[in-house]
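User: Could you take a close look at one part of this model for me? I'd like to hear about the open sheet and what lies across it.

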Amino acid sequence: MTGSTLKLEEILSRPQVHVKDIKALTDKLQKFVAGGADQLMVISDFDFTLSRFSDKSGNRCSSCYCVFDSAVGTNNPEWCRKFVGLYHKYGPVEHDHSLTIEEKVPFMEAWWQQSHELIIQGGFKKQAIDDYVAHCNIQLRDNADIMMKKMTNHSVPFIIFSAGIGTIIEMYLKHKFGRVEDNTHIVSNMMGFDEQGYVNSFSDPLIHVFCKNSSVMPADRTFSEQIHGRKNVILLGDSVGDAFMDVGVEEEQLSLKIGFVNHDADKLVDKYLHYFDIVLVDDQSMDIPNQILEAIYAKSH
């Protein structure tokens, strides 16, 4: 364990790293390292977790849904006004700390449903969406590509659990890597297309920020066999809801939760420390998760 302990001290010394309970984290990391890659699975949010919140120039990066308003912009200002209007209407509800999650849920369902209806009404073709994605400002966090490559090499199931649009995530990964690897699975809102290639539906059940749990798992999830028997799960997310991501594993699991605070650090760090084992502030990289994963892989050799 010496190598891993040294790594923990190094991790804790970094200014962007916040940990509430160092002993609990140390105990957890020891169990993860002892279990090795064979016991491990990773569940990650996509927007502003696997992807960057801001680019190298400090500009805000795009989320899955932003791909539409960024691309459509001047071509169809009326559609864009309605689409962005939903963000201004419902966004403040998502971040209103005076409301409980239960109180927010109906508003989130309305926001997602209305967004999906607008996308269907917008008459978007699959090829056009693919072009939008090819030119969009979604960027992976630094060294996220290394993280994904090594998970593939070590056959670690990687589940991208997103309240965004899974079809856009899939298109993005294909542009970036040429393919979606066999160990990588996307659980998200998937688009359906008609024979002419126009978006005509979204998958059920709808996945919004506060229902990322086993209740929205597709019945025919393709990764059941891959995750069977894996008792250690690393969760990566940038919202409190992500700390409860659950893909319906029957075995009792140990979770190591890593939360990214992308903005309002003075307000959010203490809150996130209640939910995440490690909180990373304004860190646009996957360096800390990669260090932890390296220690786990080292045990597997």
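Analyst: Happy to; here is the sheet, followed by the largest pocket. This is a predicted model, in which local features need pLDDT of at least 70 and side-chain atom pairs count only at pLDDT 80 or more, while totals for chains, interfaces and linings use all residues. Residues are numbered from 1 along each chain as its sequence is written, and side-chain values use heavy atoms, with hydrogens and water left out.

The open sheet has seven strands in the order β1-β9-β8-β7-β2-β3-β4, and its pairing is mixed. Strands here are DSSP runs of E with at least two residues, helices are runs of H or I with at least four, and both are numbered from the N terminus; two strands pair if DSSP finds at least two bridges between them. At the edges sit β1 (17–18) and β4 (184–189), each pairing on one side only.

Within the sheet, β7 (residues 232–237) and β8 (residues 254–261) run parallel and are joined by six bridges. Leu235 has Lys257 of β8 as its bridge partner.

Helix α11 (residues 265–273) lies across β1, β8 and β9 (278–281), at about 175° to β8. Contact means heavy atoms within 4.5 Å; axes are lines fitted to C-alpha atoms, for helices over the stretch in contact, with angles from 0 to 180 degrees between N-to-C directions.

Both β8 and α11 also supply at least two residues each to the lining of the largest pocket. Helix α5 gives that lining its largest share, seven residues.
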